[in-house]
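Colleague: I'm new to reading protein models, and I'd like a close look at a single part. Could you walk me through it slowly and then show me what surrounds it?

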Amino acid sequence: MLLELDCGNTLIKWRLLDREGRVRDRDMAPDLVELQRLLGGQEREIRGCRLVSVRSADETQVVMDQLTSWLKLHPVLAKGSQLLAGVRNGYEDYAKLGMDRWLALVAGYQLCRRACAVIDLGTAVTVDFVNAEGEHLGGYIAPGSKLLRSSLKRHTRLIRYEGSLQGDLLEPSPGRATAEAVEYGCELMLAGFVREQLRIGRQLLGDAMVVILTGGDAARMAELLPGECHVVNDLVFEGLALACPMEAD
């Protein structure tokens with residue numbers, strides 16, 4: 001089997017692939033100790049490991065060393081590049097583009113082979129535009145929904161409430177309680193930001209631009225946006241496979 005890791009700043013997303021490339025198991029863990037517990041002995045069947053990391057070089061090396069010691073194999077780390085799978089990095093210094101963004105936008109372009117906007121709705125919202133020829137035109141970064149909510153709670157004394165709303169936000173009424181006001185407001189702010197990205201994208205790429213959403217808030221955001229959006233899970237992992245091809249057995 002093949003172990004794939006996406007090492008974020010606080011959590012490690014992981015999935016386990018069988019020899020046919022099917023996802024056998026998946027979860028998130030705060031560290032490798034918890035990951036080992038979650039695998040429950042399946043590590044004995046792991047024959048390869050690849051990972052992407054947005055952590056510092058020193059922190060990433062610690063993870064690499066721990067994996068080597070634990071799995072008794074050498075994990076493969078995805079690294080930045082100017083060109084990958086037909087996509088050219090649009091940053092002046094390609095190494096400064098976050099690896100999760102790079103892998104997601106490459107995978108997004110590979111899925112459609114057309115001009116596209118790749119929007120990752122996670123802790124942060126990242127937007128990247130790629131033209132029909134595979135040229136990355138750059139993008140934008142903004143706070144995601146959890147950051148918007150937490151910043152309000154952290155910096156305003158009177159905004160205190162528990163839980164979140166799960167109602168229909170297509171046409172939300174003005175909030176009549178603090179929870180409603182914050183939840184609806186942050187959701188509308190995020191949706192407004194994404195709609196503006198689509199407007200910018202169509203100016204850059206034309207009306208035929210494909211919109212690809214990924215990340216924890218992708219499905220919910222797709223309900224709020226006009227036109228067709230493609231929600232794709234595991235886009236970073238799909239890009240990781242392109243950057244670090246290897247067999248699962």
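Let's start with the hairpin formed by strand 9 and strand 10: how many residues are between the two strands, and which residue in the turn has a positive phi?

Modeller: Happy to, and keep in mind as we go that this is a predicted model. The hairpin has five residues between strand 9 and strand 10, and the turn residue with a positive phi, about 85°, is glycine 134. Strand 9 covers residues 124–130 and strand 10 covers residues 136–143; the two run antiparallel and are paired over seven bridges. To find one of the pairs yourself, go to alanine 124 and look across to proline 143 in strand 10, which stands opposite.

The hairpin belongs to something wider. Its two strands are part of an open sheet of five strands, in the order 10-9-8-11-12, with mixed pairing. Strand 10 and strand 12 are at the edges and have a single partner strand each, so one side of each has no neighbour in the sheet. As a reminder, strands of a sheet pair through backbone hydrogen bonds, either parallel or antiparallel. You can see both kinds here: strand 9 and strand 10 are antiparallel, whereas strand 8 and strand 11 (residues 210–214) are parallel, joined over five bridges. In that parallel pair, alanine 117 sits opposite valine 211 of strand 11.

Let's stay with valine 211 for a moment. Is it buried or exposed? It has a relative accessible area of 2%, and anything under 20% counts as buried, so valine 211 is buried. Leave aside its neighbours within four places in sequence, and valine 211 is in contact with Ala117, Ile119, Leu198, Arg202, Glu228, Cys229 and His230. It's also a nice reminder that the chain folds back on itself: valine 211 and alanine 115 are 96 residues apart in sequence, yet their C-alpha atoms are 9.0 Å apart in space.

Now back to the hairpin, because a helix residue touches it. Isoleucine 200 is in helix 5 (residues 178–205). Not counting residues up to four places away in sequence, isoleucine 200 touches Phe129 and Tyr140. Check those numbers against the strand ranges: strand 9 runs over 124–130 and strand 10 over 136–143. Isoleucine 200 has 15% relative accessibility, so it counts as buried too.

What about a residue from another part of the chain? Isoleucine 200 and valine 63 are 137 residues apart in sequence, with 39 Å between their C-alpha atoms. Valine 63 is one of the buried residues of helix 2, along with Thr60, Met64, Leu67, Trp70 and Leu71. Looking down the axis of helix 2, you'd find these buried residues within an arc of 135°, so they line one face of the helix. The general reason is easy to remember: an α-helix has 3.6 residues a turn, so residues three or four places apart point the same way. Covering that buried set are, among others, strand 1 (2–7), helix 1 (32–39), strand 4 (48–53) and strand 5.

Some of those strands bring us to the other sheet. It is open as well, with five strands in the order 3-2-1-4-5 and mixed pairing. Its edge strands are strand 3 and strand 5, each pairing on one side only. Strand 2 and strand 3 are antiparallel and joined by six bridges, and in strand 3 the partner of leucine 17 is valine 23.

One last feature links several of these pieces. The largest pocket has a volume of about 1200 Å³. Its lining has 35 residues, and those nearest the centre are Asp6, Lys13, Asp120, Gly122 and Thr123. Among the elements that each supply at least two lining residues are strand 1, strand 2, strand 3, strand 8 and strand 9. That brings us back to strand 9, which pairs with strand 10 in your hairpin.

Notes: Residues numbered from 1 in each chain as written. Predicted model: local features only at pLDDT ≥ 70, side-chain atom pairs only at ≥ 80, totals over all residues. Heavy atoms only, no water. Helix = DSSP H or I, 4+ residues; strand = E, 2+ residues; numbered from the N terminus. Buried < 20%, exposed > 50% of the residue type's maximum accessible area, 1.4 Å probe, protein only. Contact = heavy atoms within 4.5 Å. Pairing = 2+ DSSP bridges. Arc of directions from axis to C-beta. 1 Å grid on protein atoms, 1.4 Å probe; cavity = no way out; pocket = protein on both sides within 12 Å on 5 of 7 lines; lining within 4 Å. Points joined across faces, edges and corners; volume = space filled by probe spheres on them.
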